[in-house]
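Please look over this structure with the notes below at hand. They are short and can be read in order.

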Amino acid sequence: MRRAPTIEQRERRFALLLLGPALALLLLTTTAPLVYLLWTSLQRLDMSMPWLQGFAGLGNFAKMGDDPRFWNSLLLTAIYTGCTVLLQVLVGLGLALLVLQIPRGQGLLRVAAILPIVLAPVVVGLFWRTLVLAPDFGLVDLVTRALGLGSHNWLGDPQLALISVIAIHTWQWTPFAFLVLLATLATLPPDVYEAARIDRAGAWQRFRHLTLPLIRPAVVMVIILRTMTALSAFAAIFAATGGGPGSATEILNLYAYRTSFTELNLGYGAALATALLALTLAVSWLLFRRRQAAA
Amino acid sequence: MTARRRLPRELALYALAGLMLSVWAFPVLWALLTSFKSERDVLAYPPVWWFTPTLAHYREVLTGPSSIVPNLLSSLIVTVATTALTLLFAVPAAYALARLRYPGRRASGFYVLATQMLPPVGLIIPYYLALQRIGALDSYFGLVLIYLTFSLPFAIWLLVTYFEDVPLEMEEAALLDRAGRWGALWHVVLPQVRGGIAVTTVFVFLNAWNEFLFAVVLGGNRVRPVTVAMFNFISVEQTQWAKLAAGAMVAMAPVILIGLLAQRHIVKGLTVGAVKGGGRR
């Protein structure tokens, strides 16, 4: 005689039925391509030299070692990610702390903050390239000319271009940090502050010893999410500079793209993308470990 | 603190708030203004604030030879298909992850989270090669498939946080009523997470509509989302400033509208994501 399935067995079956399709789809759409990517990174696959195809072993990775453009892109990735994340968190937190003290008009600010977030990064890049940073006609040049600082080629000069793409990213995503931290700050119990005020604790001390420990988990999570976004930033830089001038704004993500789809060297591009994946995993591992330590 | 000391402080705060407002809103408003200018007014120095507004650029981007209407349609198809498929797979999966007991629950949750670590550029290379081999470049199938890679893990994790908030007692009561697993899920739990499903829909829609890298590589002449079509107005020789502005306004109208209407939901979604983890963009 067959026994009726127990409650646990039925729950397991139900879970498999609900979760199975999604897991199978993820396996097909993310894990299978990952395996294919790793396989491609071991191939010599250059569409501009199709006669040179074949297994290359770790050749593509060895090539990275003495490829100055790779090291340059790695350095730019570090600068770009470090600067944009730091600026977003500092500016976002500062603004959130100040706006919290404004009795009215917070709603309007929230609407304005939503605006950059919902725009497509590629459109943001184009807006900045044409309306904000274009020499002579751009908004920034109008201001610098009015102030007597003269006109600058914000996206054409290598050093200014890097600063410009950092500014674009910071402009678009600081509202994220601002909104999340504002919402977190608003949930803190007000009586904590009252007690501190009676204790005559200064504003900085209140922030350092009361507010910061309470919002630390949110700050760490913002840093993690913003770092992931910055590491895979693409469309805004692509639209604003295309990685140029030369390779002045070519972060690793853009270098991998250009190698694969402009120079059509997909084997080496796959190796570069694998390097970016390794970097992403290493950075997120470090950040998540810090998060556990902080929690 | 006396009133006299408070006033300058408040004024300073409001001045700062005004500055923030303009820094975030101004580029968009400036683009809106530009889209109504004639090409000559665009390049005027100093910039003109009062000008005869023209709808010529809007007419051109909607009905002209470089119309972006087909691109809007492409975007709509890809976005709606992605959103529908994502919800279809993510809602049951999120419920299982949040509520059911089965072996490997932690591992499966971690797996979903880990799939988000793949950088887009690392995905696009194998997709390009595979779709090229089966002749599916420039197809809705390929684009929707790769859009699922960012929308599905994100949606599952966002929804898990909402399912976790549903009180267990409600579900148990329904199960005692012999409603069965499906009945309890459909009639009791799902209505409780309607808000969460709405937030998830908004986020998936926004991300899919705004996507660019996958669209530019895997798209083509047939499937060409509107984010890619923005480059119609820019060439090496010249930039058609006002037309680009008008095109961008039309392309971004849906997301700006959703952003303004679903403002509260978006802030909540961002916060949930930020506190509990997950989400790439």
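The points below cover a predicted model, starting with the contact between chains and then turning to two helix pairs.

1. Chain B touches chain A through 77 residues, which meet 79 residues of chain A. On the chain B side, helix H1 (residues 3-34) gives the most, with 13 residues.

2. As for the kinds of residue, the side of chain B that touches chain A has 60 nonpolar, 13 polar and 4 charged residues.

3. Within chain B, helix H10 (residues 194-210) packs against helix H13 (residues 241-261) at an angle of about 155°, and the two axes are 10 Å apart. Angles over 145 degrees count as roughly antiparallel, so H10(B) is roughly antiparallel to H13(B). The crossing of this pair, H10(B) and H13(B), is left-handed.

4. On H10(B), the contact with H13(B) is made by B:Val202, B:Phe205, B:Leu206, B:Trp209 and B:Asn210. H13(B) supplies B:Pro254, B:Val255 and B:Ile258. By class, there are 7 nonpolar residues, 1 polar residue and no charged ones in this contact.

5. The second pair in chain B is helix H6 (residues 120-133) and helix H7 (residues 140-164), whose axes come within 11 Å and cross at roughly 155°. That angle makes H6(B) roughly antiparallel to H7(B). Here the crossing of H6(B) and H7(B) is right-handed.

6. Which residues make the contact between H6(B) and H7(B)? From H6(B) they are B:Leu123, B:Tyr127 and B:Leu131, and from H7(B) they are B:Gly142, B:Ile146 and B:Thr149. These divide into 4 nonpolar and 2 polar residues, with no charged ones.

How values were computed:
Residues are numbered from 1 along each chain as its sequence is written. Chains are lettered from A and ligands numbered from 1 in the order in which they are written. This is a predicted model: local features need pLDDT of at least 70, side-chain atom pairs count only at pLDDT 80 or more; totals for chains, interfaces and linings use all residues. Axes are lines fitted to C-alpha atoms, for helices over the stretch in contact, and angles run from 0 to 180 degrees between N-to-C directions. Helices (H or I, at least four residues) and strands (E, at least two) are DSSP runs, numbered from the N terminus. Angles under 35 degrees count as roughly parallel, over 145 as roughly antiparallel, 65 to 115 as roughly perpendicular and the rest as oblique. A crossing is left-handed if the near helix is turned anticlockwise from the far one by less than a right angle, and right-handed if clockwise. Two residues are in contact if their C-beta atoms, placed from the backbone, lie within 7 Å. Ala, Val, Leu, Ile, Met, Phe, Trp, Tyr, Cys and Pro count as nonpolar, Asp, Glu, Lys and Arg as charged, and the others, Gly among them, as polar.
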